[in-house]
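Student: I am new to this structure and would like a close look at a single part, with the terms explained along the way. Could you take me through one of the sheets and what lies against the strands there?

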Amino acid sequence: MTDKIDTEPYTGPAGGWGSMKSVAEISIREKVGPETARELTRQNKPGGFMCVSCAWGKPAHPHIAEFCENGAKATAWELTSYRNTPAFFAEHTVTELRTWKDYDLEQAGRLTHPLRYDASSDRYVAVSWEEAFADIGAHLKTYDPKKVVFYASGRASLETSYMWGLIARMYGSQNLPDSSNMCHETTSVGLKSAIGSPVGTIHLADYDECDAIFYFGQNPGVNSPRFLHPLRSCAKRGVEIVVFNPLKERGLERFTDPQNPLEMATGKSTPIASQYHQVKAGGDIAALMGICKFVIEADDKARKNNAPAVLDHAFLAEHTKGFDAFAAKARATSWTEIERESGLARADLEAAGAVYARSQRVIAVYGMGLTQHVGGIDNVHMVVNMMLLRGNIGKPGAGLGPVRGHSNVQGQRTVGITEKPELVPLDRIAEQFGFEPPRDKGWDTVAACEAIVKREAQAYIGLGGNLARAVPDTAEIEPGWRDLDLTVTIATKLNRTHLLPGKTCYLLPCLGRIETDEQAAGAQAVTMEDSFSRIYGSRGRATPAAETLLSEPAILAGIAKATLAPNPKLDWDAWVADYGAIRDAIEVTYPDKFSRFNERMWTPGGFWKGVEAAHRQWLTESGKAEINIPKALNATGFAESAGRFRLMTLRSNDQFNTTIYGYSDRFRGINGTRDVVLMNRADMARMGLAGHDKVDLVGDAGDNGDRRVSGLLVVPYDIPAGCIGAYYPECNILIPVGHHATESHVPAAKSVPVRVEKAS
């Protein structure tokens with residue numbers, strides 16, 4: 001937070017000079033040198049390094065600058081000149097550091113030495129790598145493996161992730177929660193049950209062929225700004241872009257391309273959305289039902305009048321199951337119900353339906369605005385339903401395009417980071433490495449949190465991330481976290497999770513992806529997978545932050561050797577010496593996806609691992625794509641009640657997940673603070689509130705939990721009545737651990753039941 005707080009509406013476009021200024025500001029703030037400018041020219045390019053931020057695709061023929069505002073921030077953040085040495089911890093106790101803001105903790109700089117928490121002094125102290133590995137291994141040997149959590153952040157490479165899953169299973173644990181559990185597990189479960197493939201079906205090139213885009217609950221201006229380039233190209237060639245989102249997000253309204261000299265010189269921008277529908281939080285099922293109802297009834301009318309069909313009946317007959325029951329449900333659902341639950345007018349939904357009915361190649365885009373609800377699976381199923389009605393899956397220029405967050409979060413699942421044994425070729429792994437892996441289901445993130453709160457977990461080992469800050473119910477989680485017998489985190493910077501030390505605690509600093517990783521066989525490269533199921537090589541060339549740092553594979557091998565019995569079929573040192581050996585092992589485990597892995601990893605534009613549903617091969621029980629009837633038109637999972645609001649937790653323009661780059665949410669016009677709540681003006685008037693009044697948000701889940709965030713500034717905002725917005729992770733305390741998507745267990749952070757109380 002800064003001394004000056006400003007909440008004036010922002011009138012500019014996404015991109016443009018605002019983006020350039022923001023990149024310049026963080027470069028100055030992080031005091032980066034010429035090396036950072038050099039690395040930016042290599043970012044997201046063939047032979048370069050893959051961005052440590054989002055998972056957007058990397059084109060085979062990139063722009064001159066193939067990085068966005070937030071990607072540049074992520075690079076500057078990693079290549080900062082600030083160093084967090086043992087001297088810093090000699091000056092600050094952990095108790096004191098817990099009072100610091102998230103931004104200030106990470107701004108202390110790159111960690112340089114392995115550290116152990118010393119309870120007697122309440123400080124972290126430097127230790128040798130050998131001492132850390134030996135003590136961690138000695139502790140792990142004493143625990144029940146089924147009570148140890150192995151968490152993986154979505155930034156870790158395919159090589160590191162594969163090692164992580166293998167170490168956990170060799171140890172005897174299937175507790176492998178990851179970033180996907182927090183965001184797109186709903187996609188993995190929902191798409192798998194509907195079309196047999198748990199990921200999107202499109203290629204980046206499909207945006208060049210589509211004639212309409214239906215866009216739900218994803219903010220490209222903040223979460224994946226490079227997506228703005230294909231959206232701009234689509235808009236300029238007349239593609240109709242129909243947006244459903246509770247908030248007006250600037251990146252979906254208009255965009256000025258920073259690489260277009262004419263637009264930069266004239267200040268012109270390209271309008272993006274041709275229709276923008278501000279659906280209520282949790283109302284997407286109803287909105288989608290309205291679109292489906294419109295096209296089904298339009299088809300009924302056309303067939304009655306012997307006019308051309310609106311639906312693709314041949315596709316439906318050959319490739320789908322459940323159409324008749326769903327069509328009957330759509331016809332029977334009243335427009336009154338649809339309007340009430342969606343918050344949208346019938347005429348607006350019919351206008352959206354008309355676009356869908358006349359378009360031949362449609363892409364459906366969605367993000368966590370659909371997945372983070374109690375009814376998130378129904379949200380995903382309804383998107384699939386809409387797309388199946390006109391055969392818009394499995395043909396060029398059409399398909400499902402869920403936008404993933406972390407740069408390799410999808411790839412981690414591909415190489416075995418999952419608590420679900422059925423998703424991993426355990427028999428092949430058992431034969432390959434000569435051990436019997438656990439076969440029972442492990443803990444996902446919600447189950448791990450519940451185990452920590454109940455004091456059932458014994459240890460937490462974290463591969464990156466800031467899990468204790470990212471999860472719900474933080475007031476319950478944090479005391480349980482500190483009661484763990486062992487906590488170990490591999491990280492590049494200090495964060496809140498590190499300030500909740502278990503009885504024994506280690507903080508192990510690692511090389512960043514952008515830095516040179518020199519091993520016995522020479523400079524190493526790693527790989528990751530994007531949102532389009534394409535896999536890329538990535539090679540860092542920046543000077544490491546400290547000579548004392550180890551790579552993630554080297555740290556994992558050190559823990560493995562100290563914990564596990566020697567295995568004649570696995571040489572950890574050889575894997576660390578040459579990451580190509582890890583890729584060879586991945587190829588053996590997953591031959592269908594990683595054939596000729598080392599040979600293909602530098603393919604420009606990445607190589608595609610293959611998605612069966614993209615070829616209309618439906619790996620479902622019926623052998624067809626399933627059309628599902630939603631359980632309700634409302635995805636919130638709770639009833640309307642007087643005084644109850646639907647809270648959406650949001651990212652700012654100056655953040656990526658729990659990493660806070662600064663206090664400027666430019667597109668929402670909020671600067672100098674994150675302690676705000678966005679409210680509809682009519683709701684404010686009804687409650688007698690004015691702008692910059694202070695209020696408390698109080699959890700209203702009905703479970704008697706004491707959840708409160710105090711002293712938030714009210715900001716009048718264009719948001720649907722009954723809905724409010726506030727920042728993540730500060731408001732995670734308001735989300736009960738049990739408030740999550742059914743089946744997928746993703747925390748339902750986009751519709752949290754709360755009350756607003758005027759601060760005393």
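Tutor: What follows looks at one open sheet, strand by strand. The model is a predicted one, in which local features need pLDDT of at least 70 and side-chain atom pairs count only at pLDDT 80 or more, while totals for chains, interfaces and linings use all residues. Residues are numbered from 1 along each chain as its sequence is written, and side-chain values use heavy atoms, with hydrogens and water left out.

The sheet is open and has 5 strands in the order β11-β8-β7-β13-β14, with parallel pairing; strands are DSSP runs of E with at least two residues, helices are runs of H or I with at least four, and both are numbered from the N terminus, and two strands pair if DSSP finds at least two bridges between them. Because β11 (275–277) and β14 (399–402) each have a single partner strand, they stand at the edges, and one side of each is left without a neighbour in the sheet. From one strand to the next, the twist averages 15 degrees, where angles run from 0 to 180 degrees between N-to-C directions and axes are lines fitted to C-alpha atoms, for helices over the stretch in contact.

Towards one of these edges, β13 (residues 362–366) runs parallel to β14 and is joined to β14 by 4 bridges, and Ala364 stands opposite Leu400 in β14. Helix α19 (residues 376–389) lies across β7 (212–216), β13 and β14, and runs at about 175 degrees to β13, contact being heavy atoms within 4.5 Å.
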